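User: I would like to go through this structure with you. Could we begin with its surface?

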Amino acid sequence: MTVHRLDRRCSRTACGHPAVSTLTYNYADSTAVLGPLATYAEPHAYDLCEAHSERLSAPRGWEVIRLAPDPAAAGPSSDDLLALADLVREAGRPVRPPEPDGGTREVGRRGHLRVLRDADA
């Protein structure tokens, strides 16, 4: 059974078919990896439909690794149910009052990363 996510389409130009697999490249190893559709769209990965996945070829000297999809991963897993339960539990927790410094726990930044104070401190 093939699972299609309606919001993800094939990355190939003029192809509007639903994506079923994700293609990534490892330039250092001259390797193309074609695997199951990634959970999230990534800027350096390509989502492909079934037809383009089957016809995939790589440049001469490159290796293509095809990862077979896990049939058990097609439906919701116990991890999905636990994550949903955690979200519901988190939504039911009371909202903490703002911190004295304006509510920010940010201590520092480095690029797009932030350093936060420990919530228990």
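User: What does the accessible surface of the protein come to?
Analyst: The accessible surface comes to about 9900 Å², and carbon and sulfur atoms account for 55% of that area. Accessible areas come from the Shrake-Rupley method with a 1.4 Å probe; for residues, only the protein chains shown count as cover. This is a predicted model, in which local features need pLDDT of at least 70 and side-chain atom pairs count only at pLDDT 80 or more, while totals for chains, interfaces and linings use all residues. Residues are numbered from 1 along each chain as its sequence is written, and side-chain values use heavy atoms, with hydrogens and water left out.

User: Which residues form a nonpolar patch on the surface?
Analyst: Tyr25, Tyr27 and Tyr46 do, with about 340 Å² of accessible area together. Patch residues have over 30% relative accessible area and no salt bridge (a side-chain nitrogen of Lys or Arg within 4 Å of a carboxyl oxygen of Asp or Glu); nonpolar side chains (Val, Leu, Ile, Met, Phe, Trp, Tyr) are joined within 5 Å, like charges within 9 Å.

User: And where is Tyr25 found?
Analyst: Tyr25 is in strand β1, residues 21–26. Helices (H or I, at least four residues) and strands (E, at least two) are DSSP runs, numbered from the N terminus. Tyr25 has a relative accessible area of 32% and is partly exposed; buried means under 20%, exposed over 50%, and partly exposed in between (1.4 Å probe, protein chains only).

User: In what order do the elements run?
Analyst: From the N terminus on, they run β-β-β-α-β-α-β-β, with 2 helices and 6 strands in the protein.

User: Which strand has the lowest mean pLDDT?
Analyst: Strand β5 (residues 106–110) has the lowest, 72, whereas strand β3 (residues 46–48) has the highest among the elements, 94. pLDDT is the predictor's confidence in each residue, from 0 to 100. The protein averages 79.

User: Changing topic, how many disulfides does the structure hold?
Analyst: It holds 0 disulfides, a disulfide being a pair of cysteine sulfur atoms within 2.5 Å. For Cys10, the nearest cysteine sulfur is that of Cys15, 3.8 Å away.

User: Why is Cys15 not bonded to Cys49?
Analyst: The closest cysteine sulfur to that of Cys15 is in Cys49, but the distance is 3.7 Å, which is too far for a bond. Cys15 is buried, at 13% relative accessibility, and Cys10 is buried at 6%.

User: What about the phi of Ala14?
Analyst: Phi of Ala14 is near 65°, a positive value in a residue other than glycine. Most residues other than glycine have a negative phi. Ala14 lies in the segment before β1 and is exposed, at 84% relative accessible area.
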